[in-house]
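Okay, thanks for letting me take the slot today. Let me put the structure up and then walk you through how the pieces fit together.

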Amino acid sequence: MAKSASIESARDHTPPVVELRVEAHPDQLAVLRAVAAAIALQHDFDLDTVADVKLAVDEAATRLIMGAPEDAILACSFRAALPLLHISLSAPTEDASAIGQPRSFGWHVLNSLTESISVTSNDSRATIDMSIAEGSADR
């Protein structure tokens with residue numbers, strides 16, 4: 001399988017980062033899932049883990065989209081540092097407190113799919129950072 005990396009990451013000996021910016025709208029969830037799956041597959045994650053990555057990205061992005069104002073941009077970055085895939089999603093928010101509700105079903109789904117997850121927010125922006133391990137579906 002072909003491997004790709006940026007020139008800067010090759011010089012710095014750091015894992016390459018793939019960044020994607022889309023409109024914070026539910027129509028863009030399919031694009032985010034497709035990119036997440038492609039990156040996980042490129043790094044030889046097993047198919048169950050790829051499904052976990054897609055579901056985690058979908059759930060995290062949905063949380064951010066639901067709290068985002070109209071015409072907002074959702075930023076997503078992926079960095080593979082095997083055996084982990086680090087994913088960061090960020091968007092402007094109108095209600096940052098609703099993003100990380102720990103008692104919601106979606107939050108339990110995210111916790112079960114990831115090795116680690118955190119939500120940070122300030123007055124106008126929320127970020128969800130998560131790491132998914134290769135073989136996470138074995139848990």
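**Walking through the fold**

So, going along the sequence, the chain reads α-β-α-α-β-β-α-β-β. That's four helices and five strands. Keep in mind that this is a predicted model. The chain has 139 residues, and 42% of them count as buried. If you take contacts between residues at least 6 apart in sequence, 68% of those join residues at least 24 apart.

Let's do the sheet. What order do the five strands take in it? It goes E1-E2-E3-E5-E4, as an open sheet with antiparallel pairing. At the edges you have E1 and E4, which is residues 116-121, and each has a single partner strand, so one side of each is left without a neighbour in the sheet. From one strand to the next, the twist averages 15°.

Now across the sheet, pair by pair. E1 and E2 are antiparallel with seven bridges, and in that pair Val22 is bridged to Leu74 of E2. On top of this part sits H2, which packs on the sheet and touches E1, E2 and E3. The direction of H2 makes about 170° with that of E1.

Next over, E2 and E3 are antiparallel too, joined by seven bridges. The link between E2 and E3 is a hairpin through two residues. If you want a landmark there, Phe78 stands opposite Ile87 in E3.

Then E3 to E5: nine bridges, antiparallel again. His86 has Ser131 of E5 as its bridge partner.

And out to the edge, E4 and E5 run antiparallel with six bridges. They make a hairpin with three residues between them, and Thr120 finds its bridge partner in Thr127 of E5.

H4 lies across this end of things, over E4 and E5, at about 130° to E4. One residue to click on here is Leu113, which is in H4. Is Leu113 buried or exposed? Its relative accessibility is 8%, so Leu113 counts as buried. Leu113 is 19 residues from Ile132 in sequence, but the C-alpha atoms of the two are 7.0 Å apart in space.

Okay, helices against helices. Two packed helices get described by the angle between their axes and the distance between those axes, and that's how I'll give them to you.

First pair, H2 and H3. The angle is about 145°, and the axes are 9 Å apart. The crossing is right-handed. From H2 you've got Leu29, Leu32, Arg33, Ala36, Ala37, Ala40 and Leu41, and facing them in H3 are Leu47, Val50, Val53, Lys54, Val57, Asp58, Ala61, Thr62 and Ile65. By class, this contact of H2 with H3 comes out as twelve nonpolar, one polar and three charged residues.

Second pair, H3 and H4. The axes come within 10 Å and cross at roughly 145°, and this crossing is left-handed. H3 puts in Asp52, Leu55, Ala56, Glu59, Ala60 and Arg63, while H4 brings Gly106, Trp107, Val109, Leu110 and Leu113. The H3 and H4 contact breaks down into seven nonpolar, one polar and three charged residues. So Leu113, the buried one from a minute ago, shows up again in this contact.

Last piece, the inside. As a general point, nonpolar side chains in soluble globular proteins tend to be buried together. In this model, the largest nonpolar core has 38 residues. Which of them touch the most other members? Those are Leu32, Leu74, Leu85, Ile87, Leu89 and Met130. The elements giving two or more residues to this core are E1 (17-23), H2 (29-42), H3 (47-67), E2 (73-81), E3 (84-92), H4 (105-113) and E5 (125-133). H3 gives the most, with eight residues.

Let me finish on Leu32. What is Leu32 in contact with, leaving aside its neighbours within four places in sequence? The list is Leu20, Val22, Val57, Ala61, Leu74 and Cys76. A few of those you've heard already: Val57 and Ala61 are part of the H3 side of the contact with H2, and Val22 and Leu74 are the bridge partners I pointed out.

That's my tour, happy to rotate the view for anyone.

Definitions and conventions
Residues numbered from 1 in each chain as written. Predicted model: local features only at pLDDT ≥ 70, side-chain atom pairs only at ≥ 80, totals over all residues. Heavy atoms only, no water. Core = buried A, V, L, I, M, F, W, Y, C linked by side-chain atoms within 4.5 Å. Buried < 20%, exposed > 50% of the residue type's maximum accessible area, 1.4 Å probe, protein only. Contact = heavy atoms within 4.5 Å. Axes fitted to C-alpha atoms, helices over the stretch in contact; angles between N-to-C directions. Left-handed = near helix turned anticlockwise from the far one by under 90°. Nonpolar A, V, L, I, M, F, W, Y, C, P; charged D, E, K, R; others polar. Pairing = 2+ DSSP bridges.
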